[in-house]
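This report looks at how aromatic rings and charged side chains are arranged with respect to one another. Please keep the sequence and the model in view while reading.

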Amino acid sequence: MREIVFDTETTGLSPANGDRVVEIGCVEMINKVETGRTFHSYFNPGRAMPSEAERVHGLCDRFLADKPPFDDVCEELLDFIADSPMVAHNATFDLGFINQELGQCGRPTVCSSRMVDTLT
């Protein structure tokens, strides 16, 4: 069975308040074994990085300035995750951000039934 283990970094805690994804990393696993296939990208959020968020992940405005916006990499990410189950720690948080970004790109959102949350 193929699964995608992933994590995001963001500008804050609330996509509803305008916070954005600035990094996503994904690892492909088949039958719970890493295959070596990965997806990773940084994104320019199009807004300033709050100092509180920068203290958490270390990503600053200067570093992100030349990175692509999420919509430039959206299709590559969707191709990588395909329809596989997705595993994350606190998946509700990560999925909320991913779905906010996908919605802004005019793409369908990822169904929460695909999520496996290691927090719960």
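A residue is called buried here when its relative accessible area is under 20%, exposed when that area is over 50%, and partly exposed in between. By that rule, in this predicted model, F43 is buried and F70 is buried as well.

A search of the whole structure finds 4 aromatic pairs, and two of them are described here, beginning with Y42 and F63, whose ring centres are 4.8 Å apart and whose planes stand at 90°, so the pair is edge-to-face. Because Y42 belongs to strand β3 (residues 33–42) and F63 to helix α2 (residues 61–64), this pair ties together parts that are 21 residues apart in sequence. Y42 is partly exposed, with a relative accessible area of 24%, and F63 also counts as partly exposed, at 33% relative accessibility.

The rings of F43 and F70 have their centres 5.0 Å apart, with planes at 50°, so this pair is tilted. F43 lies in the loop between β3 and α1 (51–57), while F70 lies in helix α3 (residues 70–81), so the pair ties together parts that are 27 residues apart in sequence.

Charged side chains also meet aromatic rings, as the table lists.

| Charged residue | Ring | Distance to ring centre |
|---|---|---|
| R2 | F80 | 5.5 Å |
| K67 | F63 | 4.1 Å |

In the R2 case the charged end sits over the ring of F80, whereas K67 lies over the face of F63, the residue whose ring also forms the edge-to-face pair with Y42.

Notes:
Residues numbered from 1 in each chain as written. Predicted model: local features only at pLDDT ≥ 70, side-chain atom pairs only at ≥ 80, totals over all residues. Heavy atoms only, no water. Phe/Tyr/Trp six-rings, centres within 6.5 Å; stacked < 30°, edge-to-face > 60°. Helix = DSSP H or I, 4+ residues; strand = E, 2+ residues; numbered from the N terminus. Buried < 20%, exposed > 50% of the residue type's maximum accessible area, 1.4 Å probe, protein only. Lys NZ or Arg CZ within 6 Å of the ring centre and 35° of its normal.
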